[in-house]
Amino acid sequence: MVLTKGDDYPIHQTAEPVAFAGTDRNFYDRYYFNGYAPGIGDDGFFAVAFGVYPHINVTDASFCWLKGGRQVNLHASRGLAMERMDLHVGPVAIHVVEPLRVLRVTVEAPDERVRAEITFTGRAFPLEEPRFTRRNGPRTLMDVTRMTQNGRYTGWVEVDGERHDVSGWVGTRDRSWGVRPIGAADAQPASPALPPQFFWLWSPCVMDGGDLYFHTNDDAHGAAWNRRAVLKPEGGAQGDEHHYDAAAFEIAWQPGTRRARTASLTLRDARGETRVAFDIGETFMMLGLGYGHPRWGHGISHGEALTVEREDFRADELAPMQPHHLHVQASVGVTMTEPDGRVRRGKGVLEQLVVGPHAPSGFTGVFDPA
């Protein structure tokens, strides 16, 4: 079987049927959403991930709910059957209502006591991030395109029979596709052998009148190999955004961890210097979405049949330096002071994944804590 539903749409990128995405075994195509109550200090956070892995013929999804420090995670996986247009993995489904603007997520898992119906509407046209290309020696580790979009939510989440209204909540969704490690690890070690190193900060923030987007990938010396800071006006069209000429960050790490205790940005352009201060709040474990999960990692096969599982934990009860606990998003209140003294306020997340050396942070080994 080669032809699939996608072949009836004008979306081919190669001479192959849509079932095939080039030649790299690690190709993936992914949806991500987060949402949170808009008030600073308001409790409540949800996240969704949905991945398609054409060349290992697997699709998986996760839905997470965080409230009162307790994180509930719903995982699902099944065989893809080469059908990339089927955006259902058991209880979790993605509905593209209006491409690039409106999407809906539904969750119907009565046995696991998790249900949701959530609609995302973008605040402006999505932002295309710079292409992420990274190699370990001759081997491609990442070759990824991603678009990011802040938006508003309507709908509800129900966990253990308690329904929560999320209408008026805000947050971020992204779409990424390309090549990165998925599924079972490669049995052939890299040559030459290189110690793991990955430094990642990502902070999409919903601000007064617009949206702030910042990310950085640094090497072991602290030099950025992919960094950008952008302010996009609310309602902005494609290409309607302000790119800062330079961006720098400062972080103080919580002792015994690789999690930020305080963080700020300094953004520079022709107008002068803009300061962004983050007030760091509750921790969301990206483990709940499968990132680094020893059982529910992205693309891990659970067989052709649908497999669904619920998992509960509290972030404050997990050892912060376990490798699969390093990847987190912290809820942040944001204060942005522009060169003319104007102050914008907002809310967002500060995502952190720090593995291996990072000289400015004082990290010299793979997992040494602050």
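1. Let's start with a term: a charge sits over a ring if NZ of Lys or CZ of Arg is within 6 Å of the ring centre and within 35 degrees of the ring normal. Keep in mind that this is a predicted model. Here, Arg163 lies over the face of Trp156, at 3.6 Å from the ring centre. Arg175 does something of the kind with Tyr31: its charged end is over the ring, 4.2 Å from the centre.

2. Arg175 also turns up in the second largest pocket, which has a volume of about 1100 Å³. There are 30 lining residues, and those closest to the pocket's centre are Ile11, Asp29, Arg84, Arg175 and Trp177. Strand β13 gives the largest share of this lining, five residues. By type, the lining splits into 18 nonpolar, six polar and six charged residues.

3. Now for rings meeting rings: the whole structure has 13 aromatic pairs. Take Phe199 and Phe249, with centres 5.7 Å apart and planes at 20°; planes under 30 degrees apart count as stacked, so this pair is stacked. Phe199 belongs to β14 and Phe249 to β18, so the pair ties together parts 50 residues apart in sequence. Phe199 is buried, at 0% relative accessibility.

4. Trp253 and Phe363 make a tilted pair, 5.5 Å centre to centre with 55° between the planes. Trp253 is in β18 and Phe363 in the segment after β23, so this pair ties together parts 110 residues apart in sequence. Trp253 is buried at 9% relative accessible area, and Phe363 is buried at 2%.

5. One more thing to look up: ring pairs link Phe33, Phe46, Trp65, Phe120, Tyr153 and Trp169 into a cluster.

Key: Residues are numbered from 1 along each chain as its sequence is written. This is a predicted model: local features need pLDDT of at least 70, side-chain atom pairs count only at pLDDT 80 or more; totals for chains, interfaces and linings use all residues. Side-chain values use heavy atoms; hydrogens and water are left out. On a 1 Å grid over the protein atoms alone, a cavity is a set of points where a 1.4 Å probe fits but cannot get out, and a pocket is an open set with protein on both sides within 12 Å along at least five of seven lines; lining residues have an atom within 4 Å of a point. Grid points are joined across faces, edges and corners, and a volume is the space filled by probe spheres set on the points. Helices (H or I, at least four residues) and strands (E, at least two) are DSSP runs, numbered from the N terminus. Ala, Val, Leu, Ile, Met, Phe, Trp, Tyr, Cys and Pro count as nonpolar, Asp, Glu, Lys and Arg as charged, and the others, Gly among them, as polar. Rings of Phe, Tyr and Trp (its six-membered ring) pair if their centres lie within 6.5 Å; planes under 30 degrees apart count as stacked, over 60 as edge-to-face and the rest as tilted. Buried means under 20% relative accessible area, exposed over 50%, partly exposed in between (1.4 Å probe, protein chains only).
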